[in-house]
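Reader: Please take me through this structure by question and answer. I would like each answer to end on the value or name I ask for.

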Protein chains: 2
Amino acid sequence: MVSATLTKFSDLDGQAPFNGCQENFKQPDGIGKNTGRKQRLSAHDVLFYEGDKAERLYEVLRGVMMLYKLLPDGRRQVVYILREGDMLGFSNREFFDCTAEALTEVELQVFESREISTSPMMQHYVNRCLLSQMETLHEHTVLLGRKSALERVSTFLMSLVPNRGGHGCSGPIEEGKPDTKTVALSMTRQEIADYLGLTIETVSRVISQLKRRGLIKVEKQDSIHITNICGICQLTGMH
Amino acid sequence: MVSATLTKFSDLDGQAPFNGCQENFKQPDGIGKNTGRKQRLSAHDVLFYEGDKAERLYEVLRGVMMLYKLLPDGRRQVVYILREGDMLGFSNREFFDCTAEALTEVELQVFESREISTSPMMQHYVNRCLLSQMETLHEHTVLLGRKSALERVSTFLMSLVPNRGGHGCSGPIEEGKPDTKTVALSMTRQEIADYLGLTIETVSRVISQLKRRGLIKVEKQDSIHITNICGICQLTGMH
DNA sequence: CGCCACCTTGAGTTTACTCAAGTTTTGTGG
DNA sequence: CCACAAAACTTGAGTAAACTCAAGGTGGCG
């Protein structure tokens with residue numbers, strides 16, 4: 001047994017113990033047994049479409065992607081946001097159930113599906129990734145089914161602040177210390193709206209409201225400085 | 001390799017090939033190697049609460065269950081409906097992220113988590129179950145994020161009609177033949193509302209509207225006769 | 001037969017949506 | 001580096017869908 005703590009799928013060599021999935025990223029790009037193909041995407045490139053044949057898995061090494069589904073009349077729902085360390089390309093059937101599109105420049109590690117299914121180690125890793133994604137989906141289901149626009153946007157902003165708002169919420173770090181953070185949205189207002197089940201105008205209005213209330217400062221459209229993390233957290237509906 | 005086609009987790013004996021997950025149910029109750037514990041629940045019994053220690057997996061042998069999450073102010077979102085052949089009790093962390101409650105009388109097969117993690121066969125089966133649940137969650141995300149009340153209720157009704165409305169939609173079976181089906185809801189209006197992200201009044205009004213339009217007949221509150229499956233299907237937003 | 005839980009319906013309200021400008025930002029070419 | 005165009009974002013006014021609150025109806029079971 002190798003004792004090193006590996007955190008990326010691309011680092012797995014069939015012997016390393018599992019140690020999480022998008023939980024921390026201490027390793028350089030994968031250089032294990034899977035020296036295989038890397039793939040680069042520009043923002044808004046589509047990696048695969050809903051209905052495409054599912055033959056490969058991908059690990060996001062750098063950048064942000066989204067999975068979305070379309071209704072025939074053009075309504076779109078973004079069902080998942082993928083960040084560094086996340087995997088995509090799973091499918092139960094022969095075909096993908098979602099479209100995968102890059103939100104930023106992206107670098108991917110590519111795996112052939114059979115590489116996975118022949119390695120119990122990788123099976124196990126994929127399993128943990130699926131469970132992690134499932135929990136995220138459950139949370140997002142609550143957001144879409146039961147939260148107000150203000151709660152949705154606040155929850156979204158909190159999801160961009162590591163170690164806050166969730167199970168492992170550390171609270172304001174220390175009395176007197178500034179409780180702030182600048183986050184990169186990596187998404188347009190329309191993409192945020194399609195993720196949160198709102199319209200672009202509603203997202204814009206909520207952001208303006210948070211700005212007026214002095215909880216955030218919009219720096220570059222794509223970059224928001226949260227001036228009071230705890231204040232935003234109180235608006236998520238989870239406290 | 002055993003060549004028989006097994007369709008339930010509880011039938012797996014470590015050698016049978018995977019053959020789906022809640023896709024068809026031809027086998028009697030599981031009697032494979034896992035002769036282990038069975039558990040019965042009455043309607044509205046809670047199997048486990050969000051936050052409970054996750055130590056066992058369960059397979060639904062009979063009946064219907066739901067997974068739900070609560071917000072601190074009491075708002076509830078049902079995140080998944082589990083039917084015969086479905087598995088529950090997965091967790092990435094040490095604790096469950098949802099509460100599991102029986103909607104009807106339920107019979108479960110119980111598995112200790114370590115039984116699963118030591119069998120590659122079971123690992124693989126669990127994997128397929130997770131992927132199947134993930135696709136269902138993606139569909140439900142679209143429903144919650146982008147569909148109207150009428151579309152949500154119609155989609156819910158269609159989900160109770162096997163082989164219709166989804167990927168393998170066969171369409172109206174034959175010209176002239178009646179396109180009808182009686183479905184058991186197995187849920188109160190409140191539970192349906194909490195699943196569809198609506199209020200009980202809205203669910204009730206939509207059902208009344210479908211009744212008025214002659215698409216369904218309500219037989220026993222819990223039992224709905226769909227008199228025009230294709231008509232309901234047209235209202236799901238997916239055609 | 002009557003109670004209790006569940007369901008339905010109505011009236012009024014609220015939230016988020018639609019439509020329509022107007023503004024800001026970003027990217028491109030001179 | 002500036003001017004311009006295109007894309008993205010914001011804001012306002014009016015509307016519509018679903019919500020809340022309240023009352024009344026229905027059905028199942030002792």
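Reader: How far is a phosphate oxygen of DNA strand D from an N or O atom in the side chain of B:Thr199?
Author: The model is a predicted one, and the distance is computed from its atoms. Between the side chain of B:Thr199 and a phosphate oxygen of DNA strand D, the N or O atom of the residue lies at 3.1 Å.

Reader: Which elements give two or more residues to the surface near DNA strand D, and which of them gives the most?
Author: Two elements reach that count, helix 5 of chain B and helix 5 of chain A. Four residues come from the element that gives the most, which is helix 5 of chain A.

Reader: Which residue has a polar backbone atom 2.7 Å from a phosphate oxygen of DNA strand D?
Author: A:Ser204 also approaches a phosphate oxygen of this strand, at 2.6 Å, but with an N or O atom of its side chain. The contact at 2.7 Å is made by a polar backbone atom, and that atom belongs to B:Ala149.

Reader: How many charged residues does the surface near DNA strand D have?
Author: There are 15 residues around DNA strand D, with A:Ser204, A:Arg205, A:Ser208, B:Ala149 and B:Thr202 coming nearest. By class, two are nonpolar and eight polar, and the charged residues number five.

Reader: What share of the atoms of DNA strand C within 4 Å of the protein belongs to sugar or phosphate?
Author: For DNA strand D, the share of such atoms in sugar or phosphate is 67%. For DNA strand C, bases account for the rest, and sugar or phosphate for 70%.

Reader: Which residue has a polar side-chain atom 2.9 Å from a base oxygen of DNA strand C?
Author: B:Arg189 has a polar side-chain atom 2.9 Å from this strand, but its partner is a phosphate oxygen. The side chain of A:Thr199 is likewise paired with a phosphate oxygen, at 3.0 Å. The contact to a base oxygen of DNA strand C comes from A:Arg205.

Reader: Which element supplies the largest share of the surface near DNA strand C?
Author: Helix 5 (200-212) of chain A and helix 5 (200-212) of chain B each supply at least two residues there. The largest share is four residues, and they come from helix 5 of chain B.

Reader: What relation do the two protein chains have?
Author: Chain B is superposed on chain A by a rotation of 180° with 0.0 Å of shift along the axis, at an RMSD of 0.0 Å. That is why the relation is that of a two-fold axis.

Reader: Which residue of chain A forms a salt bridge with B:Arg146?
Author: The pair crosses between chains, from helix 2 (residues 120-146) of chain B to helix 4 (residues 189-196) of chain A. Both partners are buried. The closest N and O atoms are 2.8 Å apart, and the partner of B:Arg146 is A:Asp194.

Reader: B:Glu107 and B:Arg40 form a salt bridge; which of the two is exposed?
Author: The pair links strand 8 (residues 106-112) with strand 1 (residues 38-41) of chain B, 67 residues apart. B:Glu107 has a relative accessible area of 8%, so it is buried. With a relative accessible area of 58%, the exposed partner is B:Arg40.

Reader: B:Lys53 forms a salt bridge with B:Glu55; what is the relative accessibility of B:Glu55?
Author: The closest N and O atoms of this pair are 3.8 Å apart. B:Lys53 is partly exposed, with a relative accessible area of 44%. B:Glu55 counts as partly exposed because its relative accessibility is 38%.

How values were computed. Residues numbered from 1 in each chain as written. Chains lettered and ligands numbered in written order. Predicted model: local features only at pLDDT ≥ 70, side-chain atom pairs only at ≥ 80, totals over all residues. Heavy atoms only, no water. Least-squares fit on C-alpha atoms with pLDDT ≥ 70 in both. Salt bridge = Lys/Arg side-chain N within 4 Å of Asp/Glu carboxyl O. Buried < 20%, exposed > 50% of the residue type's maximum accessible area, 1.4 Å probe, protein only. Near = heavy atom within 4 Å. Polar contact = N/O pair within 3.5 Å; in protein donor to acceptor, adjacent residues only side chain to side chain. Nonpolar A, V, L, I, M, F, W, Y, C, P; charged D, E, K, R; others polar.
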